[in-house]
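Thank you all for coming. I would like to walk through one structure with you, taking it a region at a time, and I will try to be careful about what can be said of each.

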Amino acid sequence: MATNEPRPLAGVRVVDTTDERGPLCTRILADLGADVVKVEPPGGVASRTLPPLTPEGQSLWFALRNLNKRSTTIDLTADDGRARFEELLGGADIWVDGHRPDELDALGLDPHAVAGRHPHLVVTAISDFGRTGPYRDFAATDDVMVAMGGMLARSGVVGRPPLLPPGSLAYDVTSTSAAFFTLAALWQRSRTGSGQVLDVSVMQAVAQITDWSMPNYSQITAAGGLYGQVRAGSGPVYPLYPCADGYVRLIVLSPRQWHAIRAWLGEPEEFQDEHWDSLLSRMSVQADLLDPLYVDLFKDYTAAELADEAQRRGVVMTPVLKPDEVPNIAHFVERGTFGDLEAAEGVIGQLATGFFEFSGERLGYVHRSPSPGEHDGVDVGWTADPGASTGGTASGPSHPFEGMKVLDLGHGGVGVETGRLFAEYGADVIKVETITYPDFIRQVSGGLMSPSFASSSRSKRSVGVNAKTEGGLEVLKRLAAWADVLIENTSTGTMDDMGIPWDVLHEVNPRLVMASSQLMGSRGPWKDWLGYGPSTRPAAGMTHLWNFDDGGMPPGSGAIHPDHLVGRMLAVGSLAALLGRERHGLEGAHVEVAQVETLINVLGDLFLKESIVAGSVGPLGNRSERGAPWGVYQCSGEERWCVITIRDDHDWQAFRAVLGEPDWATASELDTIEGRRAAHDALDRGISEWTAQQTDREVMLALQSAGVPAGIMSYPSDLAEDEHSVARGFPVPLDQPPIGDLLLEGALFESSGMPEPIITPAPMLAEHTREVCREILGMSDAEIDELVAAGALEEPPG
């Protein structure tokens, strides 16, 4: 975008009453140009004390998630404070809240009642479990939500406890999803004239990113198979290997990748047969035969040397980097991924600069996070009732993207998830595929349909186009001329090779928004690196931090994170660009979200801390700087676990009471966080003895009855049957040809203005080629036949 153009959300006014839940949502909106006013109680919100902290005690967690905002103090417990707050809402477009439902109700600020007083307002209420359902008033922390949402079950290895991830995965993922649907409601308001309430559940937002585990579980078990739920670390698919100075991640999936690593190994005679081209065949001998060969090859080289040589050979490998290394990597320096910036008043360090690039310009950092009440007494400059002139007439709930047109060239787990979000809420999403190079997620179960593909490409149409032919390229250009959004996460340079780079597409359709996501971004020394979602975690410092605190090789996780998160971030950028086009008359834009930078930005407070206090950031295992005791504790039953998080002294007293004041918990030195942290090992032993005598649900319910944050580690089988998930309609049954009945992930929110998402079967490859060419491109059957005969268009195989 031109430097003199406004950011796409310029003029959008947001009131922010988030604390621990949701601040990244409004930070994202602020990055994209929205005017965000954070309303804080006297003295500031509680999250201003969350670690990591500077030596002076300032919260870097808060600073990262509240950049680019203003702060004003309002006491919402006082009548005059609530009156001021209502006045502020009267001039806002959006209110994003992060209170627990019972806390918000106690303030007299029920979201639906507020929306009734301000019908123009989009209200996004983010809570751990949503405002309905049996867990509505449960207490939680980010780690509890990681467990209950299903992500923890993928992490670590049997023989050690499941391993909590670094950062704030649950709340940051939810914030990103909430940002997208908040903008969806704003888009809808421009057509209906009415705001709405979005009741967002963290548990459901996390469950949406568990690598389609519920659909796979439901399909395999329905067929009489056994779904492997127990964690296996990085496993044989995303393994880590030691090298001279650390570790590298090697991923060998395709025959081409196998041939490349086999050549590097010196073409061992025993692996020359085509039998070994199969991933499953190699997995059967990996531990005994292949791993020793890899370890011997890698042992004398550094991680950087290995990754460079591997990528040169076409082998997927990334180095496991530490927090002090990441900002100084030449790739990130050239991209401007970090800057020496002021994050909070007087706090300067290496700060991640933002998630988005719009037509080559980074849209991120503008100014530091505010001090408490820094803008008290400053007129925010908002006029009353911005919705009065939006036009349109509300006519009941509707899907916000009706009439929107999207081309989905995504594959794997990023672009397809972006397309899914638009398709479920009314857009006509056409997945562009070719039989010669199908989306590999289609094929992971054998054949051309899998539960993973069914979930990520539900509700779309499929057209078969071979862009390597002149006729196929022309069809793609005509579809681009029709579309509002084109999504792609191909390897860097692929769109150029296909003949449809951004400049060509922009000429074909100046209003088009092109949404791109590459592994390492489209520029920089690593721009051509090959990889998958798990390839970004080592390079972003996450793999190093996702470890126990006693050293050794990180056990890893089988999750494809951050693919789902990046897909949602790309959707946010795409929709913001569309809003900018509509609100400001801007042309289309090329929105880019580098997958590795998404992780770097959500872990940005840890990088900032390391730059301020060298050597201060490392793996914490299942412990937390926030409180103690804190961890994952084994319960009765096979591999059943519960996360227990004691945030403060009040939680500790309640916890002790539930356990009946056992002797090991009553020493006076345990009355302080410092004392409990010093005695953490002994406390863990006592807690483990107690939890081992009960089921995970018994532990959770006992502690929740006293307001102590605790939650079971959910497996896919748990999510499919969980009473809260079922009460909120999260498991959605679907008959998916040709593989049969599945349970798909439902919505992460309930809405007063949108109906349930549109969930229909994913298309077979090229299923709608003729339909699309007739309806959208106006082709005759004879023209279609000619292009099919020429190999430019494709029809369903078989």
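**A walk through the model**

Let me begin with a single residue, Met764, which has a relative accessible area of 28% and is therefore partly exposed. Met764 sits in the loop that runs between β25 and α31, the latter covering residues 769-775. Which residues does Met764 touch, if we leave aside those up to four places away in sequence? They are Arg442, Leu448, Met449, Ser462, Pro737 and Pro738. Of these contacts, Ser462 is worth a pause, since Ser462 and Met764 are 302 residues apart in sequence, yet their C-alpha atoms are 7.0 Å apart in space.

Before going further, I should say that this is a predicted model, and that its mean pLDDT is 96, with 98% of the residues reaching 70 or more. There is one stretch to treat with caution, residues 387-393, where pLDDT stays under 50, although the model has 16 contacts there beyond four places in sequence. Where pLDDT is low, the predicted coordinates should not be read in detail.

Let me turn to the sheets. β25, which we met beside the loop of Met764, belongs to an open sheet of seven strands, whose order is β3-β2-β1-β4-β5-β6-β25 and whose pairing is mixed. At the edges of this sheet stand β3, residues 70-73, and β25, residues 749-751, and because each has a single partner strand, one side of each is left without a neighbour in the sheet. From one strand to the next, the twist averages 20°. Within the sheet, β2, which spans residues 35-40, runs parallel to β3 and is joined to it by four bridges, with Glu40 standing opposite Thr73 of β3. Helix α3, residues 79-90, lies across β1, β2, β3 and β4, and runs at about 145° to β1.

A second open sheet has three strands in the order β7-β8-β9, and here the pairing is antiparallel. The edge strands are β7, at 240-243, and β9, at 316-319; each has a single partner, so one side of each has no neighbour in the sheet. Neighbouring strands in this sheet are turned by 30° against each other on average, with direction ignored. β8, residues 246-251, is joined to β9 by four bridges and runs antiparallel to it, and in this pairing Ile251 stands opposite Val316 of β9. Helix α13, residues 303-313, packs on the sheet, touching β7, β8 and β9, and its direction makes about 155° with that of β9.

There is also a hairpin to look at, in which three residues join β23 to β24. The two strands, residues 731-736 and 740-745, run antiparallel with six bridges between them, and Asp735 has Asp741 in β24 as its bridge partner.

Now to a helix, α22, which covers residues 563-584. How far does α22 reach from its first C-alpha to its last? The span is 31 Å over 22 residues, close to the 32 Å expected at 1.5 Å a residue. α22 is mostly covered, with 19 of its 22 residues buried, and just after the helix Gly585 takes a positive phi of about 70°. On the other side, the loop between α21 and α22 holds Pro562, and the peptide bond from His561 to Pro562 is cis, with omega near 20°.

That brings us to some backbone details. Most residues other than glycine have a negative phi, and most peptide bonds are trans. A cis bond also joins Ala628 and Pro629, with omega about -5°, and Pro629 is found in the loop between α24 and β20. Asn68, in the loop between α2 and β3, is not a glycine but has a positive phi of about 70°; its relative accessibility is 8%, so Asn68 counts as buried. Glu661, in the loop between α25 and α26, likewise has a positive phi, of about 50°, and because its relative accessibility is 35%, Glu661 counts as partly exposed.

Finally, the cysteines. How many disulfides does a search of the whole structure find? The number is zero. Two cysteines can be placed by their accessibility: Cys25 is at 0% and so counts as buried, and Cys773, with a relative accessible area of 1%, is buried as well.

Technical notes: Residues are numbered from 1 along each chain as its sequence is written. This is a predicted model: local features need pLDDT of at least 70, side-chain atom pairs count only at pLDDT 80 or more; totals for chains, interfaces and linings use all residues. Side-chain values use heavy atoms; hydrogens and water are left out. Two strands pair if DSSP finds at least two bridges between them. Axes are lines fitted to C-alpha atoms, for helices over the stretch in contact, and angles run from 0 to 180 degrees between N-to-C directions. Contact means heavy atoms within 4.5 Å. The expected span of a helix is 1.5 Å times one less than its number of residues. Buried means under 20% relative accessible area, exposed over 50%, partly exposed in between (1.4 Å probe, protein chains only). A disulfide is a pair of cysteine sulfur atoms within 2.5 Å. pLDDT is the predictor's confidence in each residue, from 0 to 100.
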